[in-house]
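Please look over the chain shown here before reading on. The briefing below moves from the overall layout to side-chain pairs and the surface.

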Amino acid sequence: QISRIIEILGYPPEHMLQNGRDTLKFFKKERSFSKGYSLWSEPSSENQVSFVLKTSEEYAREKRAKVPNIKNYHEQSTLSGIIYGFPMPKRRFNASKEEENEKERRRVFIHFCTGLLSVDPWKR
C-alpha cells in the first residue's frame with residue numbers, strides 16, 4: 001500500500017530513497033538529462049536520477065503476483081482533502097463563527113497529522 005501512502009502524504013525525501021535497502025522493490029530509477037525541475041529531486045543542470053513509484057502492474061509482474069484491487073474509501077486523495085472534505089458538524093448558534101472555528105481546528109489538526117505522519121524521521 002505504498003502507493004496509497006504516497007498519494008496521501010507525498011513521496012519520501014530523495015535521501016531516504018537513495019539510502020533505502022528496499023527502494024528498488026517499489027521504485028524505478030529514471031535518468032533526466034535536461035535542465036530544469038524534476039518532481040522528486042532538486043533542480044540541476046547535470047544528469048539526475050529520480051525515483052518513480054512502480055505501477056501496480058509493474059510490481060505484480062516482477063513478483064509474479066496478481067495485481068491487487070485497491071479500494072477507495074474517500075473521494076479525496078490527500079490528507080488535507082480528506083480532513084477538509086469531512087462534513088461540518090451541525091450547529092445552531094452563530095453558524096458562520098462556528099464554521100470558521102471548525103475550519104481553524106481542522107487546519108491545526110492537518111498541521112499536527114502532517115508532522116506526526118511525516119515519512120522522514122528527522123522531520124517528525
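What follows is a topic-by-topic briefing on a predicted model. The chain has six helices and two strands. Nine salt bridges are counted, along with two aromatic pairs. A nonpolar surface patch covers about 560 Å².

**Overall layout**

- Read from the N terminus, the elements follow the order α-α-α-β-β-α-α-α.
- The chain holds 124 residues, and 22% of them are buried.
- About 10,100 Å² of the chain is exposed. Carbon and sulfur atoms supply 54% of that area.
- Take the contacts between residues at least 6 apart in sequence: 49% of them join residues at least 24 apart.

**Salt bridges in helix 6**

- Glutamate 99 pairs with lysine 103 in a salt bridge, with 3.6 Å between the closest N and O atoms. Helix 6 spans residues 95–116 and holds both partners, four residues apart, or about one turn.
- Glutamate 99 has a relative accessible area of 37%, so it ranks as partly exposed. Lysine 103, at 35%, is also partly exposed.
- Arginine 106 and glutamate 102 form a salt bridge with an N to O distance of 3.0 Å. These two residues of helix 6 are four residues apart, which again puts about one helical turn between them.
- Are arginine 106 and glutamate 102 buried or exposed? Arginine 106 is buried, because its relative accessible area of 6% is under the 20% limit. Glutamate 102 is buried too, at 13%.
- Arginine 107 and glutamate 104 meet in a salt bridge at 2.7 Å, N to O. Their spacing in helix 6 is three residues, about one helical turn.
- Arginine 107 is partly exposed at 42% relative accessible area. Glutamate 104 is partly exposed at 38%.

**A salt-bridge network**

- Salt bridges also link Arg21, Asp22 and Lys25 into a network.

**Aromatic pairs**

- The whole structure yields two aromatic pairs. One of them joins tyrosine 11 and phenylalanine 27, with ring centres 6.0 Å apart and planes at 55°. Why is this pair classed as tilted? The angle of 55° is neither under 30 degrees, as stacking requires, nor over 60, as edge-to-face requires, so the pair counts as tilted.
- This pair bridges distant parts of the chain, with its residues 16 apart in sequence. Tyrosine 11 sits in the loop between helix 1 and helix 2 (14–19). Phenylalanine 27 belongs to strand 1 (residues 27–32).
- Tyrosine 11 is partly exposed, with 25% relative accessible area. Phenylalanine 27 is buried, at 3%.
- Phenylalanine 26 and tyrosine 59 make a stacked aromatic pair. Their centres are 5.5 Å apart, and the planes differ by 15°. The angle is under 30 degrees, so the pair counts as stacked.
- The stacked pair also links distant parts of the chain, 33 residues apart. Phenylalanine 26 lies in helix 3 (residues 23–26), and tyrosine 59 lies in helix 4 (residues 56–63).
- Phenylalanine 26 is partly exposed at 29% relative accessibility. Tyrosine 59 is partly exposed at 32%.

**Nonpolar surface patch**

- Which residues make the nonpolar surface patch? Ile5, Leu9, Phe109, Phe112, Leu116 and Leu117 do, over about 560 Å².
- Helix 1 (2–9) and helix 6 each contribute at least two residues to the patch.
- Helix 6 gives the largest share, with three residues.
- Leucine 117 falls in the segment after helix 6. Its relative accessible area is 41%, so leucine 117 is partly exposed. Patch members need over 30% relative accessible area, so leucine 117 meets that cut-off.

**Helix 6 in brief**

- Helix 6 carries the salt bridge of glutamate 99 with lysine 103, that of arginine 106 with glutamate 102, and that of arginine 107 with glutamate 104.
- Helix 6 also supplies three residues of the nonpolar patch.

Key:
Residues are numbered from 1 along each chain as its sequence is written. This is a predicted model: local features need pLDDT of at least 70, side-chain atom pairs count only at pLDDT 80 or more; totals for chains, interfaces and linings use all residues. Side-chain values use heavy atoms; hydrogens and water are left out. A salt bridge is a side-chain nitrogen of Lys or Arg within 4 Å of a carboxyl oxygen of Asp or Glu. Buried means under 20% relative accessible area, exposed over 50%, partly exposed in between (1.4 Å probe, protein chains only). Patches are made of residues with over 30% relative accessible area and no salt bridge: like charges are joined within 9 Å, nonpolar side chains (Val, Leu, Ile, Met, Phe, Trp, Tyr) within 5 Å. Accessible areas come from the Shrake-Rupley method with a 1.4 Å probe; for residues, only the protein chains shown count as cover. Contact means heavy atoms within 4.5 Å. Rings of Phe, Tyr and Trp (its six-membered ring) pair if their centres lie within 6.5 Å; planes under 30 degrees apart count as stacked, over 60 as edge-to-face and the rest as tilted.
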